[in-house]
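Here's a quick briefing to read with the model open in your viewer. Have the sequence handy too, and look up the residues as they come up.

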Amino acid sequence: MLPIFFLFSFLIFSSHVVALDFCVGRLKAPQGPSGYPCKNPAKVTADDFVFSGLGTAGNTSSIINAAVTPAFDAQFPGVNGLGISIARLDLAPGGVIPFHTHPAATEILLVLKGTIVAGFVSSANSVYVKTLKKGDVMVFPQGLLHFQINGGGIPALAFPSFNSPNPGLQILDFALFANNLTSALVEKTTFLDDAQVKKLKGVLGGTG
């Protein structure tokens with residue numbers, strides 16, 4: 001009898017979820033693993049489904065000469081719960097998005113301007129690299145290390161889309177050298193010498 005009760009409860013809950021057309025994020029509430037709680041539908045407006053921040057170029061005056069402008073659930077509450085999001089990628093000449101992963105999403109990148117050298121490494125350590133031009137699209141499977149580099153002498157523009165409203169991000173270089181993980185441990189796990197590790201920690205603001 002108990003399993004039937006749980007099955008019945010699950011079916012009621014599932015039908016309730018499916019019945020929701022959307023779940024505009026209530027951004028002032030804590031974000032959980034499934035995103036934000038739903039905003040009261042009576043308070044939802046058309047503005048919740050529009051994001052106007054991708055028409056302006058990002059500030060690329062950083063160490064990586066690149067900028068990413070996200071339209072994830074934290075910036076664009078209308079995508080909360082819908083399994084999709086988008087961002088703008090600006091790469092100045094010499095710009096690079098270092099090796100990174102999105103733990104919660106696959107990425108598909110559409111190039112609109114310039115040339116971008118992009119690639120990823122599979123779990124079998126196979127490397128897939130391609131020079132992308134205007135109109136090209138490349139997919140980066142969920143969780144795999146990948147990168148993008150400006151491959152020409154002019155600014156490049158691309159729009160990455162994700163199958164999650166919050167794809168997550170971990171940049172490999174920052175994970176290794178921009179925190180307080182001790183140099184000795186970094187050296188043991190990367191086979192780099194002490195001088196190299198301390199130099200990279202100095203560049204990226206790490207300690208230890």
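K198 is partly exposed, with a relative accessible area of 45%. The side chain of K198 meets that of D194 in a salt bridge, 2.8 Å from N to O. Keep in mind that this is a predicted model. A search of the whole structure turns up 3 salt bridges, and those come up next, followed by a glutamate without one, the cores, strand 8 and a loop residue.

**Salt bridges**

- K198 and D194 sit 4 residues apart in helix 4 (residues 194–204), so about one helical turn separates them.
- D194 is partly exposed as well, because its relative accessibility comes to 35%, between the 20% and 50% cut-offs.
- R88 pairs up with D90, and their closest N and O atoms are 2.8 Å apart.
- Both ends of that pair are tucked away: R88 is buried at a relative accessible area of 9%, and D90 is buried at 8%.
- K39 makes a salt bridge with D48, with 3.1 Å between the closest N and O atoms.
- Here the two ends get different labels: K39 counts as partly exposed at 24% relative accessibility, whereas D48 counts as buried at 10%.

**A buried glutamate without a salt bridge**

- E187 belongs to helix 3, which covers residues 183–190.
- What is the nearest side chain of opposite charge to E187? That would be K198, at 4.7 Å.
- E187 is buried but has no salt bridge, because a salt bridge needs the nitrogen and the carboxyl oxygen within 4 Å.
- Leaving out residues up to four places away in sequence, E187 touches L192, D193, D194 and V197. D194 is thus a contact of E187 and also the salt-bridge partner of K198.

**Nonpolar cores**

- As a rule, nonpolar side chains in soluble globular proteins tend to be buried together.
- In this model, the largest nonpolar core has 16 residues, and L91 and I116 have the most contacts inside it.
- Strand 2 (85–91), strand 4 (107–113), strand 5 (116–121), strand 7 (137–140) and strand 9 (156–162) each give two or more residues to this core.
- Strand 5 supplies the largest share, 3 residues.
- Beyond four places in sequence, I116 touches a mix of residues, including L91, V111, K130, T131, L132 and Q148. I149, G151, A156 and A158 are also among the contacts of I116.
- There is a second, separate core of 6 residues, which includes L54, F76, V79 and L157.

**Strand 8 and its partners**

- Is strand 8 (residues 146–150) mostly covered or mostly open? Mostly covered, with 4 of its 5 residues buried.
- Strand 5 pairs with strand 8 in the antiparallel sense over 5 bridges, and V117 has I149 as its bridge partner in strand 8.
- Strand 3 (residues 96–101) also runs antiparallel to strand 8, joined to it by 3 bridges. V96 stands opposite I149 there.
- I149 therefore turns up more than once in this briefing, as a contact of I116 and as a bridge partner of V117.

**A loop residue**

- Q142 lies in the loop between strand 7 and strand 8, and is partly exposed at a relative accessible area of 42%.
- T101 is 41 residues from Q142 in sequence, but the C-alpha atoms are 7.7 Å apart in space.
- Setting aside residues up to four places away in sequence, Q142 touches H102, P103, A104, A105 and T106.

Key:
Residues are numbered from 1 along each chain as its sequence is written. This is a predicted model: local features need pLDDT of at least 70, side-chain atom pairs count only at pLDDT 80 or more; totals for chains, interfaces and linings use all residues. Side-chain values use heavy atoms; hydrogens and water are left out. A nonpolar core is a set of buried Ala, Val, Leu, Ile, Met, Phe, Trp, Tyr and Cys residues joined through side-chain atoms within 4.5 Å. Buried means under 20% relative accessible area, exposed over 50%, partly exposed in between (1.4 Å probe, protein chains only). Contact means heavy atoms within 4.5 Å. Two strands pair if DSSP finds at least two bridges between them. Lys and Arg count as positive and Asp and Glu as negative; His and the chain ends are not counted.
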